[in-house]
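Okay, thanks everyone, let's get going. I'll put the model up and then walk through it piece by piece.

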Amino acid sequence: MKCPFCGYTESKVIDSRPTDENERIRRRRECLQCGKRFTTYEIIEDVPIIVIKKDKSREVFDRNKILKGMLRACEKRHVTVAELEAKISEIEASLQASVDREVTSAKIGELIMEKLKEIDEVAYVRFASVYKEFESAESFREELAKLND
């Protein structure tokens, strides 16, 4: 961190604490050359996740779209919105942890199916039938057979 008084690039942190909103970290620093103190604020850079769709268009990741799809799959099932929100948070966390800032909709679909399988097998099959675009009863049976493995 560059000292605003003398321009020296080395300083030590004397005190560190979150701001009132918990969105930034306030740090008191002391320049190692001139000894003057100054304050810096750190914020977490929020780099959006970009979704690459089947038609190669791109859009910003939207957790509400995932929630809508999962709610549709879980219709008339004993699955709470809180359970779905938790699974969506897991999906979002795994995407944020990834080095890539761009992810295909296919990858997101696979993650959703994985999470639905953990919650409710019927919801999983419903989602898979739409997502994988089953064309026949045989492809549906094959997916059901995978559940039994």
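Before anything else, one bit of vocabulary: a crossing is left-handed if the near helix is turned anticlockwise from the far one by less than a right angle, and right-handed if clockwise. By helices and strands I mean DSSP runs, numbered from the N terminus: H or I with at least four residues for a helix, E with at least two for a strand.

Now the ground rules. This is a predicted model, where local features need pLDDT of at least 70, side-chain atom pairs count only at pLDDT 80 or more, and totals for chains, interfaces and linings use all residues. Residues are numbered from 1 along each chain as its sequence is written, and side-chain values use heavy atoms, with hydrogens and water left out.

So, the helix pair. The crossing of α1 and α3 is right-handed. These two helices pack at an angle of about 45°, and their axes are 12 Å apart. Axes here are lines fitted to C-alpha atoms, for helices over the stretch in contact, and angles run from 0 to 180 degrees between N-to-C directions. That makes α1 oblique to α3; the bins are under 35 degrees for roughly parallel, over 145 for roughly antiparallel, 65 to 115 for roughly perpendicular, and oblique for the rest.

Those helices turn up again at the largest pocket, which has a volume of about 720 Å³. For the method people: on a 1 Å grid over the protein atoms alone, a pocket is an open set of points with protein on both sides within 12 Å along at least five of seven lines, where a cavity is a set where a 1.4 Å probe fits but cannot get out; lining residues have an atom within 4 Å of a point. Grid points are joined across faces, edges and corners, and the volume is the space filled by probe spheres set on the points.

Who lines the largest pocket? There are 23 residues, and K65, S105, I112, F127 and Y131 lie nearest the centre. Elements giving two or more residues are β5, α1 (63–73), α3 (105–119) and α4 (121–131). With six residues, α1 gives the most. By type, the lining has ten nonpolar, three polar and ten charged residues.

On to the sheets. Strands pair if DSSP finds at least two bridges between them. One open sheet has three strands in the order β1-β2-β3, with antiparallel pairing. Its edge strands are β1 and β3, each pairing on one side only. Neighbouring strands in this sheet are turned by 25° against each other on average, direction ignored.

Strand β1 (residues 11–18) is joined to β2 (residues 24–31) by seven bridges. Along that pairing, K12 stands opposite E30, S16 has R27 as its bridge partner, and P18 has I25. The hairpin between them has five residues between the strands, and N22 takes a positive phi near 60° there.

Next door, β2 and β3 (residues 37–43) are also antiparallel, with seven bridges. R29 has F38 as its partner. In that hairpin, G35 takes a positive phi near 80°.

Last one: a second open sheet of three strands, ordered β5-β4-β6, with mixed pairing. Here β5 (58–60) and β6 (102–104) are the edge strands. The average turn between neighbours is 35°, direction ignored. Strand β4 (residues 50–52) pairs with β5 in the antiparallel sense over three bridges, and V51 stands opposite E59.

How values were computed. Ala, Val, Leu, Ile, Met, Phe, Trp, Tyr, Cys and Pro count as nonpolar, Asp, Glu, Lys and Arg as charged, and the others, Gly among them, as polar.
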